[in-house]
Amino acid sequence: MFNAGDIVKVLIPNVANSGYDYRLTAPAELGSFVRVNVMARSYIGVVFGVGDSGLPPEKIKNTTDVFAAHLSVADLQWIQKMSEWTLMTPGAVLRLIVNVPDAFSPPRQEQLYEYNFNTSARMTSARQAVADAFASNDNDSMSASDIQNIAHVSGAVVRTMIQHGILIPRNVRICDADFSQYKYHDTGVVCLNTEQAAAANEIGTSIAHGGFSVFLLDGITGSGKTQVYFDAAWRAYSRGASVLLMMPEIALTAQFMSRYEHRFGAPPVVWHSNLTASRRRQIWRGVLRGEIRMVVGTRSALFLPWQNLGLIVVDEEHDTSYKQEDMGNYHARDMAVLRAKIAGFPIVLASATPSAETLQNVSDGKYRRLRLVSRFGGATLPTIETIDMRQNRPESYSVDGDSDDAPRRSGYLSPILCDAIRQTLGDGHQVMLFINRRGFAPIVQCKQCGWVAQCPDCSVGMTYHKQMGKLMCHICGRAAPMPSKCPDCGNEVSCRGAGLEKIQEEISAKFPSARTALVSSDTISSRQALERLVHKMESGDIDIIIGTQILAKGHHFPNLTLVGAVDADMGLFGTDFRAAEHTFQQLFQVAGRAGRGDAPGRVLLQTYQPEHPVLQAICSSNRDAFMESDMNARRAAGMPPYGQLIAIIVESQKEQVLQKFCSDMAACAPVADGVKIMGPIIAQVYQIRNWYRMRFLVAGGARAMLQPLVARWMAKLRVPANVRVKIDVNPQNFS
């Protein structure tokens with residue numbers, strides 16, 4: 001306990017600090033929230049320890065406020081350990097926690113708007129996005145800035161909707177919400193089968209005894225993992241602990257919310273990226289005060305100011321969306337395990353396709369595996385087959401509007417897959433086609449002079465999106481008109497390769513009576529848009545659904561019996577050493593959407609390499625043998641989880657400055673036994689948003705102390721103002 005007048009170190013949520021000294025104006029605990037001024041700017045920080053700057057007392061500023069709320073000592077230790085592991089500053093880690101600017105400010109008056117659902121105004125795509133934004137926030141009133149940020153529309157759209165009476169002004173004072181409705185009870189509506197009960201009891205025993213433990217809930221798709229971790233959540237919650245159920249954002253579906261409310265008797269408190277500023281404030285303060293003790297959220301929910309956190313569940317623990325690459329580089333799954341270890345409580349990692357790192361921890365005895373090997377309710381696994389595209393060439397097709405002498409268009413669907421689609425539709429069942437490529441065509445090129453449509457801000461080609469009639473950069477989002485002629489020579493341009501829009505064109509030509517729907521980040525801009533599509537699938541209004549990896553995330557369509565992977569080879573041959581693992585996970589998860597109801601399922605994988613080990617493993621459902629083979633190859637190469645990697649990405653808007661700084665970095669690179677520093681090399685994507693990029697890669701054995709070595713290296717450097725350096729421990733992205 002510190003007294004008024006004591007000098008303490010205050011950590012502020014700023015990337016450039018590890019704490020500054022201040023004089024307390026009131027008593028405070030270690031971890032207490034305080035308000036301080038830094039360079040005339042107000043920050044909410046935390047008391048991080050005893051002051052140690054050595055400054056004369058007269059030069060030390062006073063805190064402006066001391067709050068009763070505080071983080072625990074375990075939380076402070078977690079901040080420090082996370083900083084040491086990720087090489088983010090402690091202040092950068094705190095910024096992930098103190099991410100609600102007005103959390104300690106009194107409620108303020110501002111102009112809010114309600115959505116007029118009775119309007120007869122024409123609904124454009126932008127207006128529908130606004131309607132979805134309100135629906136995603138339980139139709140609460142929103143400010144104009146919230147509407148723009150959540151719906152991703154311009155201020156002009158909002159102003160026009162106000163003028164037409166679609167948005168109705170309403171003056172209210174933002175105040176803390178009443179969370180009394182989020183009091184949960186055991187509804188007793190779920191009867192676990194023998195496998196589920198055994199897994200639930202083992203987790204429950206650990207919760208009852210207390211202490212740190214990690215469980216891998218390893219269950220095939222459709223085996224009922226959710227009900228097992230719901231049981232664990234209730235056991236922890238009923239003992240007075242707080243519970244975090246963490247999952248990829250796209251998995252926050254109405255299906256999941258309904259199952260949650262059915263199990264616990266009340267809807268979940270949901271934390272995700274599209275909350276309004278006021279709702280974020282309400283939930284953050286509710287968690288801090290202990291009024292909210294169970295949250296369903298994305299990776300950022302890990303950084304809420306939890307009180308008495310007693311269980312974390314990481315659903316789909318293998319999912320790459322848990323890796324954050326914007327506000328610092330960290331893996332939320334790994335940081336969740338670290339938080340549980342420091343605070344001493346259990347954590348459950350759930351997946352049908354666990355990551356190599358998690359499986360290695362099971363093999364080393366650090367994690368305990370609980371297996372679910374049968375589908376819940378008696379459903380059977382689908383049969384999975386490959387289609388050798390070398391022997392089964394797709395048939396060409398024509399579309400309405402083509403002239404009689406126009407050449408037929410090249411197809412991408414084999415006769416075998418088309419026959420299976422025809423039979424499935426004839427049986428009254430639904431079809432899913434998977435291709436993990438947005439738009440219509442990934443390459444727009446002139447066959448005469450070789451011109452290729454490229455993004456002027458990024459060193460990547462632009463993809464043609466036929467429905468929008470535009471070229472799109474999938475790195476920076478820049479849009480440009482589709483040229484009618486080559487801008488260099490004036491000849492015709494052609495579209496090469498296939499995206500999901502082209503597959504829809506082929507389906508419409510070959511199955512004209514089938515009702516189709518596209519699912520990608522272009523067509524599904526909100527959870528509400530996804531829910532509308534899910535409802536149409538459940539009600540039978542869609543015959544064939546065509547989509548990207550969004551389709552792989554936990555959807556349950558009982559009448560879906562056929563899944564076709566249009567290009568199963570797509571992810572196999574990248575530069576990432578995890579390419580085989582990620583392809584297996586993606587295809588296995590997509591395959592798991594088939595046959596979840598009474599009718600058996602069938603999965604067809606179109607490939608030019610049916611003998612590839614990944615595809616053979618999927619067809620034989622032999623995940624463990626494949627992962628063992630893949631991990632043996634990594635062991636031989638010293639790649640994670642048998643080695644460590646740290647990527648250092650250096651960026652500048654001036655190539656000469658970038659090259660000079662990278663040369664200086666290389667000149668003072670450290671030398672250590674068992675450590676190899678590679679680079680600098682030009683990044684795979686050399687230019688992003690007009691910033692040029694080069695990379696270093698630091699590699700070492702599983703026990704190498706890479707972080708201290710890199711920290712000492714960085715401390716030798718003076719980074720110019722026009723250079724950015726990003727450090728990524730155990731990188732997932734090598735572009």
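Is D218 buried or exposed? In this predicted model, D218 is buried, since its relative accessible area is just 2%. That makes D218 a handy place to start on the charged pairs, because D218, in strand β8 (residues 213-219), pairs with R371 in strand β16 and so ties together parts that are 153 residues apart in sequence. The contact itself is a salt bridge between the two side chains, with an N to O distance of 3.7 Å. R371, for its part, is partly exposed at a relative accessible area of 39%. The pair also belongs to a wider arrangement: a network of salt bridges links D218 and R371 with R369, R623 and D624.

Over the whole structure, the search turns up 36 salt bridges. Another one that involves strand β16 is the bridge between the side chains of E202 and R368, where N and O are 3.3 Å apart. Here E202 sits in helix α6 (residues 194-209) and R368 in strand β16 (residues 368-372), so this bridge ties together parts of the chain that are 166 residues apart in sequence. Both ends come out as partly exposed: E202 has a relative accessible area of 32%, and R368 has one of 37%.

A further bridge connects two loops. E611 and R390 form a salt bridge whose closest N and O atoms are 3.5 Å apart. E611 is in the loop between β27 (602-607) and α16 (613-619), while R390 is in the loop between β17 and α12, which puts the partners 221 residues apart and makes this a link between distant parts of the chain. E611 counts as partly exposed at 47% relative accessibility, and R390 is partly exposed as well, with 39%.

The loop that carries R390 also holds Q391, between β17 (383-388) and α12 (415-426). Q391 is exposed, with a relative accessible area of 62%. As for its place in the overall layout, the C-alpha atoms of Q391 and D231 are separated by 50 Å, the two residues being 160 apart along the chain.

Not every charged side chain goes into a bridge. K81, K341, K366 and R703 form a positive surface patch. One of these, K341, is located in helix α10 (residues 332-343) and is exposed, with a relative accessible area of 56%.

What about the cysteines? How many disulfides does the structure hold? The count is zero. C449 is in no disulfide, and its nearest cysteine sulfur, belonging to C486, is 3.5 Å away. Since the cut-off for a disulfide is a pair of sulfur atoms within 2.5 Å, that distance does not qualify. C449 is partly exposed, at a relative accessible area of 42%. C489 is likewise in no disulfide; for this residue the nearest cysteine sulfur is that of C446, 3.5 Å away. At 34% relative accessibility, C489 also counts as partly exposed.

The backbone has a few details to check by eye. A cis peptide bond joins P640 and P641, with omega at about 10°. P641 falls in the loop between α17 (623-637) and β28 (643-652). A cis peptide bond also joins G679 and P680, and there omega is about 5°. P680 is part of strand β29 (residues 675-688), whereas P641 is in a loop.

Positive phi values turn up in residues that are not glycine. Phi of A40 is near 70°, and A40 is found in the loop between β3 (32-38) and β4 (41-50). E316 has a positive phi of about 50°, and its place is the loop between β12 (309-315) and β13 (323-324). Which of these two loop residues is buried? E316 is the buried one, at 13% relative accessibility, while A40 is exposed, with a relative accessible area of 79%.

Notes: Residues are numbered from 1 along each chain as its sequence is written. This is a predicted model: local features need pLDDT of at least 70, side-chain atom pairs count only at pLDDT 80 or more; totals for chains, interfaces and linings use all residues. Side-chain values use heavy atoms; hydrogens and water are left out. Patches are made of residues with over 30% relative accessible area and no salt bridge: like charges are joined within 9 Å, nonpolar side chains (Val, Leu, Ile, Met, Phe, Trp, Tyr) within 5 Å. Accessible areas come from the Shrake-Rupley method with a 1.4 Å probe; for residues, only the protein chains shown count as cover. A salt bridge is a side-chain nitrogen of Lys or Arg within 4 Å of a carboxyl oxygen of Asp or Glu. Lys and Arg count as positive and Asp and Glu as negative; His and the chain ends are not counted. The place of a charge is taken as NZ of Lys, CZ of Arg, CG of Asp or CD of Glu. Helices (H or I, at least four residues) and strands (E, at least two) are DSSP runs, numbered from the N terminus. Buried means under 20% relative accessible area, exposed over 50%, partly exposed in between (1.4 Å probe, protein chains only).
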